[in-house]
Structures are given as C-alpha cells and as structure tokens.
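This briefing covers the ligand site, selected loops, one helix and a surface patch. The points are grouped by topic after the structure.

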Amino acid sequence: MRFSTDLISRLRSATHVAVFTGAGVSAESGIPTFRDRQSGLWQNFDAQSLATPEAFERDPAFVWGWYEWRRARVLASQPNAAHRAIALLAERVPRLTLITQNVDDLHERAGSREVLHLHGRICSPYCSACGLEYPAPQPALLEPERGRRLEPPRCGQCGGRVRPGVVWFGESLPSLAWEQAVQAARGCGGFLCVGTSSIVEPAASLTRVAIAAGSVTIQVNIDSTWLDDLVTLNLRGPAASMLPELVAEVWPQA
Ligand code: OAD
C-alpha cells in the first residue's frame, strides 16, 4: 500500500482521528453482514418481521430467538486483525473516537475503549417496559440454532418483557453517542469509514459530515459504495488486511 507524502503528513498531523465501522469489519470474524448478496442477514431474513418494535410486539419469541441466535454467533467469534489495528491506532494518535454501527463487542474485546455503539449492543438486553438492564444469559445456556423460537425472559423489577439491546428500524439512536459521533465527524482531521455500505441513515451521514468539514476521509471496503468518488482515498480490499497496513504505514510505531 502506498500513499502520497501529502496524505501521510495530513493524517499524521491530525490530533483527532475518527473511525466509523460497519458489519464488514466483523465479517472476517465470521459474523454475517446485512447486505452481502449471498450471506447477508437481510437477504435471508425479513427485517420488518425481526428488527422493528412492532415485530417484537407481534411475536416476541420469534424476535428474541433470532437475536439469541445472533448473540451466540457473536460470543463464538473472535476479534480479527481489523479490530486490533483500530485498537492499536488509538495508542498512536493523540485522540481517537471509535464509532460503530455494529452490535457485537469485538472492538472492546480487541482492546478498544469507549466505543460509541450507534445501533446498540446485542449483549446488553433490557426491559422493554421499564428499561432496566437484564443480565444476558450465560453462553452455555444459549442454543445457537437458527430460527428457534425462545420466550424472552421477564424483568425482575416490573415483569415486563426483556428485549434485545439493539436499535430497531423506526427507533432513535442513543442520543449521547450520536451527539459525540457527530462532533467527532465535524472536528476530526482524519476519518476512516470501514466496512459499511453507508446506506442506513442517520449513521451514514457521518462520512458526509467529515467530508464537508474538510477532514481527510478514507474508505475501506471490499466493494464499491456511493462514497467511492467523494472520499479522499478509497481503499478497496478486506479490512483485516487493509487496516493493519494502513496503520503500519501512516502511523508506524514511534
Ligand atoms: P451492510 O451489510 O449494509 O454493509 C457491509 C459493508 O461491508 C458492505 O459495503 C460490504 O461491501 C463491506 N464488507 C464486507 N466484508 C468486508 C470486509 N471483509 N472488509 C471490508 N468491507 C467489507 O452493513 P452496515 O453498513 O454495517 O442496523 O449496515 C448498517 C446497518 O444496517 C446495520 O448496523 C444494521 C443494518 O440494518 C441495525 O441493526 C439498526
């Protein structure tokens, strides 16, 4: 991988770098993306029957069972070299803000701290009635069988149904995380957009904000997206090899 000296010096002088990730960053850990033509979750499952508050209202056991199946896959997966490169980058720049659309915890398990989870966290279910967090069942109790209906547990405080800790279509993003993400996109000198189709709003608008603010923007993706010609640099390839190379070349160990 070769970068122009101008790009390298602009990135190295950035005192704040933001990294914005999507499902593609966890794909090489074995977690399916949403829109991959063959294995994407939304190619194989109907989002409206699974990822809306109405779907949970209508058929809680179907929805809970599906998210428990996904959670089991997350628990059985390990962070990959892309997650680790981002954690390493945080040690090499003055300030790094990591923003993710992913509901898995692979960034944290790779060593990243204070991750802004715009779409929630699959391992943090909570009561749909009173909002109290519910301790997720132990992995040993999980049945990682796709399509199995599972009755959601009941809240110990109010008896309401426990729901997955993710943001569904039609719901607002967590406001503090969103505000911090927008601020980072506006104020950073370097913005990396990694493994996302950039089509789900409002998250996708962050890259536009960074471009408009004049930040150096780099996209890492195995496929083309509508951002290809808008970012400063488009790196076409798998995140688990592109990100370690990028970090090693632009921010080598001091
Ligand atoms: P998508 O499935 O829409 O996009 C994944 C992107 O990752 C695609 O552009 C792929 O080309 C790219 N990709 C796949 N493997 C890759 C790899 N190894 N290295 C680099 N890129 C790779 O997933 P998201 O953009 O994350 O929302 O989807 C956004 C939101 O849509 C999700 O957070 C989810 C979904 O509905 C909620 O759950 C609320």
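Helices (H or I, at least four residues) and strands (E, at least two) are DSSP runs, numbered from the N terminus. In those terms, Glu-114 sits in the loop between α8 and β3 (116-117). The model is predicted. The ligand has 23 residues around it, and the protein buries 93% of the 790 Å² that the ligand exposes when taken alone.

**Ligand site**

- Among the 23 residues that surround the ligand, the closest are Arg-35, His-119, Thr-196, Ser-197 and Asn-221.
- Asn-221 places a polar side-chain atom 2.6 Å from an oxygen atom of the ligand.
- Phe-34 approaches through its backbone: one of its backbone N or O atoms is 2.7 Å from an oxygen atom of the ligand.
- Glu-28 has a side-chain N or O atom 2.8 Å from a nitrogen atom of the ligand.
- Thr-196, one of the closest residues to the ligand, also has a side-chain polar contact of 3.0 Å with the side chain of Gln-101.
- Gln-101 belongs to the loop between β2 (96-100) and α8 (106-109). Its relative accessible area is 11%, under the 20% limit, so Gln-101 counts as buried.

**Loop between β6 and α10**

- This loop, between β6 (190-194) and α10 (205-212), contains Pro-202.
- The peptide bond that joins Glu-201 and Pro-202 is cis, with omega about 5°.
- Ser-198 is in the loop between β6 and α10 as well. Its phi is positive, near 55°, in a residue other than glycine.
- Is Ser-198 buried or exposed? At 2% relative accessibility, Ser-198 is buried.

**Loop between α8 and β3**

- Glu-114 is not a glycine, yet its phi is positive, about 50°.
- Why does Glu-114 count as exposed? Its relative accessible area is 74%, and the class begins over 50%, so Glu-114 falls within it.

**Helix α6**

- Helix α6 covers residues 60-75, which makes 16 residues.
- How far apart are the end C-alpha atoms of α6? They are 22 Å apart, which agrees with the 22 Å span expected for the helix at 1.5 Å a residue.
- The expected span is 1.5 Å times one less than the number of residues.
- Of the 16 residues of α6, 13 are buried, so the helix is largely enclosed by the rest of the structure.

**Segment before α1**

- Ser-4 is placed in the segment before α1 (5-12).
- The side chain of Ser-4 reaches the backbone nitrogen of Leu-7 at 3.0 Å.
- With 42% relative accessibility, Ser-4 lies between the 20% and 50% limits and is therefore partly exposed.
- Ser-4 and Ala-82 are 78 residues apart along the chain, and their C-alpha atoms are separated by 22 Å.

**Nonpolar surface patch**

- Ile-199, Trp-226 and Leu-230 make a nonpolar surface patch of about 300 Å².
- Trp-226 is in the loop between β7 (216-221) and β8 (233-236).
- Trp-226 has a relative accessible area of 37% and is partly exposed. That value is over the 30% needed for a residue to be part of a patch, so Trp-226 meets this cut-off.

Note on methods
Residues numbered from 1 in each chain as written. Predicted model: local features only at pLDDT ≥ 70, side-chain atom pairs only at ≥ 80, totals over all residues. Heavy atoms only, no water. Patch = residues over 30% accessible without salt bridge, like charges linked within 9 Å, V, L, I, M, F, W, Y side chains within 5 Å. Areas by Shrake-Rupley, 256 points an atom, 1.4 Å probe, with all protein chains shown as cover. Salt bridge = Lys/Arg side-chain N within 4 Å of Asp/Glu carboxyl O. Buried < 20%, exposed > 50% of the residue type's maximum accessible area, 1.4 Å probe, protein only. Near = heavy atom within 4 Å. Polar contact = N/O pair within 3.5 Å; in protein donor to acceptor, adjacent residues only side chain to side chain.
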